Amino acid sequence: MTVEYERRDAVALVTMNRPEYRNAQNSAMTYALDAAFVRAVDDDEVKVIVLAGAGKHFSAGHDIGTPERDVHVSYERKAVLWWDHVGRPGGDLRYAREMEVYLGMCRRWREIPKPTIAMVQGACIAGGLMLAWVCDLIVAADDAFFADPVVRMGIPGVEYFAHPWVLGPRAAKEFLFTGDRFDAARAHQLGMVNRVVPRADLETETLAIAARIAEMPRFGLALAKKAVNQAEDEMGMRTGMDSVFGLHHFAHAHNAEVSPDPLAGMDARSMKAAGARDGS
Ligand code: ZN
């Protein structure tokens, strides 16, 4: 299974399960995550949802090079009302797909009416950051590291452009401009994660926080979540992201025009070779 689902008391544990590819997200995983979240929302026994990654890493980002990369496969669309991307030319394909699979899905999951906690160890890179950021809380292991290196592709950040809101503008620029990794301690200092715990205690500590939250009334939690999300949107996050999505797609289109492909000819291997240095 690409995504594992398990209920432990009042907590649904949703686990990305492609550890051999550092939980790179293909569309199969995205839709499996969505199905798991829907199941957790519909289950009255579930009060809190924990999102985890199997193996050494939370998620290395979107799948840009595994054998199961499925960019040209149709899935039943869930996030936006738009036509299928498959078979469309140029920007028509990219815009339709990324609006649904990346930005739309992340926004949909941010609105899950139950509290969500990302439980992060190892790599949390680019598309991995998107998943952690849509969760309400982030608990990081002391070995976790974060980066959005897509400026190397000439692209101004991942599709769910929360950087200035979750990092502050100064750190957002630092990490976009350098592509460097930052560690859990720096993420905590910046207010991007709630807790940093020893790797060995990550699951216990995360489930303990989930259990504390689960003592609160369900509807109160849902309203509190909506209240903070609305405040974040009042701080410009939603409209800001919409405007940056245009810049993001302009960058893809520019790459498609002047380089081998919309990712500037880069894949997982060349991105790794270009090297996100440890800037923490
Ligand atoms: Zn993109």
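# Zinc site, pockets and cavities

Okay, I'll start inside: α9 gives the largest share of the lining of the second largest cavity, at 3 residues. Before I go on, a reminder that we're looking at a predicted model.

So, that cavity. The volume of the second largest cavity comes out at about 60 Å³. Lining the second largest cavity you'll find R107, R110, E111, Y160, D233, M237, R238 and M241. Two elements, α2 and α9, each give two or more residues to that lining. What's the chemistry of the wall of the second largest cavity, by nonpolar, polar and charged? It's 3 nonpolar, no polar and 5 charged residues.

How many cavities of 30 Å³ or more does the structure hold? There are 6. For anyone who hasn't done this lately, rolling a probe the size of a water molecule over the atoms shows where empty space is left.

The largest cavity is at about 70 Å³, with 13 residues in its lining. Nearest its centre are Y31, D84, H85, E100 and V101. α1 and α2 each put at least two residues into the lining of the largest cavity, and α2 gives the most, with 4. By class, the lining of the largest cavity has 6 nonpolar, 3 polar and 4 charged residues.

Let me stay on H85 for a second. H85 sits in the loop between β3 (48–53) and α2 (90–110). Is H85 buried or exposed? H85 counts as buried, because its relative accessibility is 7% and the cut-off for buried is under 20%. Setting aside neighbours within four places in sequence, H85 is in contact with V71, H72, V73, L93, A96 and R97.

Now the metal. Which residues coordinate the zinc ion? E98 shows up twice, through OE atoms, then there's E159 through OE, and H248 and H252 through NE2, with distances of 2.1 to 2.3 Å. If you like writing motifs on the whiteboard, the donors of the zinc ion follow E-x60-E-x88-H-x3-H along the chain. Take E159 and H248 as a pair: they link distant parts of the chain, 89 residues apart. E159 is in the loop between β7 (145–147) and α4 (163–167), while H248 is in helix α9 (residues 237–258). Both of these donors are buried: E159 has a relative accessible area of 6%, and H248 is at 3% relative accessibility.

On to the pockets. The largest pocket is about 1300 Å³. What lies nearest the centre of the largest pocket? H62, D63, I64, M153 and A268 do, out of 48 lining residues. The elements that give two or more residues to that lining are α2, α9 and α10 (268–274). α2 gives the most to the lining of the largest pocket, with 6 residues. The lining of the largest pocket breaks down into 22 nonpolar, 11 polar and 15 charged residues.

The second largest pocket has a volume of about 600 Å³. It has 26 lining residues, and C135, D136, L137, V228 and N229 lie nearest its centre. Here the elements giving two or more residues are α3 (127–134), β6 (137–141) and α8 (218–234). The largest share of the lining of the second largest pocket is from α8, at 7 residues. For the wall of the second largest pocket the split is 18 nonpolar, 4 polar and 4 charged.

D63 came up in the largest pocket, and there's a partner to look at. The side chains of R18 and D63 are joined by a polar contact of 3.1 Å. Where is R18? R18 is in the loop between β2 and α1, and R18 is buried, with a relative accessible area of 5%. Its contacts, leaving aside neighbours within four places in sequence, are T2, N23, A24, N26, M29, D63, T66 and E68. The C-alpha atoms of R18 and G53 are 8.2 Å apart, with these positions 35 residues apart along the chain counted as their separation.

Last thing, backbone angles. Most residues other than glycine have a negative phi, and most peptide bonds are trans. Two residues to check, then. D9 has a positive phi, near 55°. D9 is placed in the loop between β1 (3–8) and β2 (11–16), and D9 is exposed, at 70% relative accessible area. R22 has a positive phi as well, near 50°. R22 lies in the loop between β2 and α1 (27–42), and is partly exposed, with a relative accessible area of 28%.

That's what I had. Over to you.

Methods:
Residues numbered from 1 in each chain as written. Predicted model: local features only at pLDDT ≥ 70, side-chain atom pairs only at ≥ 80, totals over all residues. Heavy atoms only, no water. Donors = N, O, S within 2.8 Å, 3.2 Å for Na, K, Ca; no water. Buried < 20%, exposed > 50% of the residue type's maximum accessible area, 1.4 Å probe, protein only. Contact = heavy atoms within 4.5 Å. 1 Å grid on protein atoms, 1.4 Å probe; cavity = no way out; pocket = protein on both sides within 12 Å on 5 of 7 lines; lining within 4 Å. Points joined across faces, edges and corners; volume = space filled by probe spheres on them. Nonpolar A, V, L, I, M, F, W, Y, C, P; charged D, E, K, R; others polar. Polar contact = N/O pair within 3.5 Å; in protein donor to acceptor, adjacent residues only side chain to side chain.
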